[in-house]
Amino acid sequence: MFRCEMEFDIYYPMYVQARLCEREGESDEALEIYMDILRSYVPSGTVYYERPAIILERAGEYDNAIRICDMAIMRIQAGLFNADTEDSEKRKARLIRKRAKQKTQDR
C-alpha cells in the first residue's frame, strides 16, 4: 500500500468525524479536527480545505480562512493533489473583500 493510501485511511475517518461534529453544531471541535488533518497530512481533495475555511469565514476569522485558501492553492499548484485552484481563488477573493469591509466597519 502506498503511503498516501495509508494516510487517507487515517485522515478520512477524521474528516467524517469532523463533518459529524459540524452537523451537530460543534463547529469548534470540527475545526480542530480539520486543522489537525491539514497540519499532519496533505489531504488530496479540496473539501479538506473548504470545510475549515467555511467555518472560519462564518466566525469572521477571515485571515485564518485566507491562509487555508492559500494552503490549498499552493498544494494544488505544487501538484500534491489533482484539482483546480479556481474555487479556492474565488473564496480567497471573497474573504479579502469581507476582511476589508470588516476593517472599515471597525474604525
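The legends below accompany close-up views of a predicted model.

**View 1. The largest nonpolar core and the helices that contribute to it.** This core has 26 residues, among which Ile37 and Tyr49 touch the most other members. The elements that supply two or more residues to the core are helix 1 (3-23), helix 2 (27-40), helix 3 (47-58) and helix 4 (62-77), and helix 4 gives the most, with 7 residues.

**View 2. The surroundings of Tyr49.** When its neighbours within four places in sequence are left aside, Tyr49 is in contact with Leu38, Val42 and Pro43, and also with Ile68, Met71, Ala72, Arg75 and Phe81. Tyr49 is also, together with Ile37, one of the two residues that touch the most other members of the largest nonpolar core.

**View 3. The packing of helix 3 against helix 5.** The axes of helix 3 and helix 5 (residues 86-106) come within 12 Å and cross at roughly 15°; because angles under 35 degrees count as roughly parallel, the two helices are described as roughly parallel to each other. Helix 3 passes helix 5 in a left-handed crossing, and the residues that meet there are Glu50, Ala53, Ile54 and Glu57 from helix 3 and Arg91, Arg94, Leu95 and Lys98 from helix 5. By class, this contact comprises 3 nonpolar, no polar and 5 charged residues.

**View 4. Arg51, a buried residue of helix 3.** Arg51 is found in helix 3 and, at 15% relative accessibility, counts as buried, because the cut-off for buried residues is under 20%. Not counting residues up to four places away in sequence, Arg51 touches Tyr15, Arg19, Glu22, Tyr34 and Arg58.

How values were computed:
Residues are numbered from 1 along each chain as its sequence is written. This is a predicted model: local features need pLDDT of at least 70, side-chain atom pairs count only at pLDDT 80 or more; totals for chains, interfaces and linings use all residues. Side-chain values use heavy atoms; hydrogens and water are left out. A nonpolar core is a set of buried Ala, Val, Leu, Ile, Met, Phe, Trp, Tyr and Cys residues joined through side-chain atoms within 4.5 Å. Buried means under 20% relative accessible area, exposed over 50%, partly exposed in between (1.4 Å probe, protein chains only). Helices (H or I, at least four residues) and strands (E, at least two) are DSSP runs, numbered from the N terminus. Contact means heavy atoms within 4.5 Å. Axes are lines fitted to C-alpha atoms, for helices over the stretch in contact, and angles run from 0 to 180 degrees between N-to-C directions. Angles under 35 degrees count as roughly parallel, over 145 as roughly antiparallel, 65 to 115 as roughly perpendicular and the rest as oblique. A crossing is left-handed if the near helix is turned anticlockwise from the far one by less than a right angle, and right-handed if clockwise. Ala, Val, Leu, Ile, Met, Phe, Trp, Tyr, Cys and Pro count as nonpolar, Asp, Glu, Lys and Arg as charged, and the others, Gly among them, as polar.
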